[in-house]
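Thanks for sharing this one. Here are a few notes to read alongside the coordinates, going from the whole chain down to single residues.

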Amino acid sequence: MIYEGTQTNNILFPTEVDVPWDDLDSSASGLKSSARAVADSASDVGGTWTGLQTAYQQPSTQDVVWSAMDDVPSTVEDWAETMESAGSALQDFVEEGRPLQARCEELKAQARALQVRLTFSEIDLSSPTVDDEETAAAEELLREDIAQHNSEVLTFNSDWRSLESRIEGDLIALQSSSGVNEDIPEVYATGPGGVATPVGTFSSEFDLGSVVATATSGELSLEEVQEIAEEIEGNDDMSWADWAAQNPELAAELAENELTSEDQLPEGAEDLYGLSQQDQNDPATIDAIAETWNSLEDEEQWALLMMFPAVFGNMNGVKLEDRGRANAVHLQGQIVHHEREVEELNEEHRELNNPRQQSEAREVRQQRESVQEELNALETAAEEMRTQDFQVIYLDTEDAGQFAGLYGSLDGETEHLHTNVPGSESDLTTLGTGLGRTKSAAGIGSEGVPDDTAAIYWQGMDTPPGVLDNVTASDDELLDMVDEGAESLAAFDYAVNMEIDQENVRTSYDAHSFAASVIGTAAEEEALTNSDTGENYGVQADAITIMGPVGFGQNIESRDDLANEDVEIYWVETRSDVVDPRRDEGLIDMPYMSHLPEGVTFHDLMGDLDVVRLESGVDENGELLENSGGYINKKGGGHGSYFTSDSESLEAIQRASAGEGEVAPYVDDEIFEEHVEIRAVQPEEGADYYVREYDVIGSDLPPVSTKIEAIEIMLAEEIVDPVDVSEYARG
């Protein structure tokens, strides 16, 4: 079975399984033998102690002496029984795990073989179609083989995680099975080449085989999680994401940890608790967090990232690379929590089998489907971490969910940082679409992230649930949503700019639909105010591209109101985009986006802000973007199609963001009249009325009857001269 949504342009490798099964089996057998020996010894001790009753006769104290050891044999025997059961659980793990490791090796060999086929096939899987029939057939076969392989890998990964979780759960359950947990000493075991590790944590070479104990993350100290983190950092073959995938239950425990007191923090980091309670969008807070964080040793930072992943993974001022470490654990923990919730809802749904419970069953089913959609999105992010140079830098699963991810890294080689901000209908479940658009806009293809490029998908805000909600929802509700999103985006931009050389790195944003109003508001010079210095801050971008915008920010009447007055602003939109059918040459007609105190609803992009409008143009088949695709796209006037592969629209976004390359200028009336001859003709001989026909100069096609058809010909045949986007640069 091929899973829906399985990628075919990335060849997946299975979760690494490298377990010394013979050593583990021997250790498990030894544990059971030793446990039995301890139980036998306890029985002997009990018998010897009972013999004291005949040897010691003293009325005033004999009862106390005789009963002093009454509970000892049973306590020790309970402990021994628990250890013997643990040994049996590990033997079960060996029995079921050996064939899975063999399967892992088969899948790795299969993946390498597919990579060889792909390398020598000269097939570009990132391209949706090919012209040559033979190549198309070979490509289709290769796509099918990759999809089947990826499906098998996902099944294997699921089987392996299930086995790990089940055995680990058995071990944890044993802790309370005897009823004398407090009397059972903690047992530690050393995995091959690893440090002594409590249960639920893994050595660098092995996970469950490195432990024979039963402690949970709540019992782990900061020093213990620091040991785990140091072990990961010291192992070139293991990432934080690898560790989390191999330790899902522990990741789930860690993801729930909350920072509630400075007493939880090491010396020198105590201020982070107080700062975590302050306004996280205040530049003063971000500065203080960065100063404190950067003063810590690497090992101290790692410990905090491991112990409180949901806290420091989302904190502005903590470096994005470190946030990626923390959110590798946080993400895996949320996957486990969502898996549990789906299973609980499945069980609840199965119990609602009475016909009178149909309504309740329907609600539970819908809730389960919603949680499953979020789980699918989280697994998509986990898959990106395994197959791409990708990190999760923000994750919030409350309500509809918020997310941010980084492709590449902010290092000395980075020359271009691009950020994609999604529009209406964006939440955790649309994560896959958002990541795909981010890669498209930044030019990240099947070969991976270019060395000089980094790209961010930022959905750190709530958005309207539907496109038309931009018109039908209340002004106050939408204004609050814009303001909150803009503040969060400006604060994120402030934190990111602390990590890059702004003079030598080009920063760009693309914002679709509702997001255009958010980026515009965030780019306003007074978007944020530093509570310590009183200085203002707004998004410091070199270029902003808006597609199908519902507005461009509040409190902006001219470029003087922008944080960067020289920012290049590009506008890409079809002529029939559903967001505003009344739009005319740059006037944004959305009441809640009005920038004028009198309440005037028109916002003149091309006049007030000197925005450059670029053609949304045609798709790869030469059709205007608003007329391509299926019914829903046409109904929306192309509102959802600006990232269509091989379209002039996507090229415009890519080249405007990069600041180089040729783009098609918007065909306005002046350009149209220059390239089209308009004539009045009789529709048929003898008719007593005339109609217009449009003849595109330089085209061999016959005249057409509408202006939009003439524009389609002009764009499809490249009648309009392209312009190098660098000519639009300012400052």
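**Notes on the predicted model**

1. Among contacts in the protein chain with a separation of 6 or more, 70% join residues 24 or more positions apart. Please keep in mind that this is a predicted model.

2. For the overall picture, the protein chain has 22 helices and 18 strands. Of its 731 residues, 50% count as buried. The accessible surface of the chain is about 33700 Å², and carbon and sulfur atoms contribute 43% of that.

3. You may like to look at the charges on the surface. D279, E398, D399, D462, E477, D480, D483, E484 and E487 form a negative surface patch. One of these, E477, sits in helix α16, which spans residues 475-497. E477 is partly exposed because its relative accessible area is 44%, and partly exposed covers values between 20% and 50%.

4. N327 makes a nice contrast to inspect. This residue lies in helix α12 (residues 320-351). N327 counts as buried because its relative accessible area is 0%, where the cut-off is under 20%. Leaving aside residues up to four places away in sequence, N327 touches P309, G313, N314, V392, I393, Y394 and L395.

5. Helix α22 (residues 707-716) is also worth a visit: A710, I711, I713, M714 and L715 are buried there. Their cover includes the strands β14 (612-615), β16 (676-681) and β17 (691-696), along with the helices α20 (648-658) and α21 (669-675).

6. One backbone detail to check: E718, just after α22, has a positive phi of about 55°.

Technical notes:
Residues numbered from 1 in each chain as written. Predicted model: local features only at pLDDT ≥ 70, side-chain atom pairs only at ≥ 80, totals over all residues. Heavy atoms only, no water. Patch = residues over 30% accessible without salt bridge, like charges linked within 9 Å, V, L, I, M, F, W, Y side chains within 5 Å. Areas by Shrake-Rupley, 256 points an atom, 1.4 Å probe, with all protein chains shown as cover. Salt bridge = Lys/Arg side-chain N within 4 Å of Asp/Glu carboxyl O. Lys, Arg positive; Asp, Glu negative; His and termini not counted. Charge placed at Lys NZ, Arg CZ, Asp CG, Glu CD. Helix = DSSP H or I, 4+ residues; strand = E, 2+ residues; numbered from the N terminus. Buried < 20%, exposed > 50% of the residue type's maximum accessible area, 1.4 Å probe, protein only. Contact = heavy atoms within 4.5 Å.
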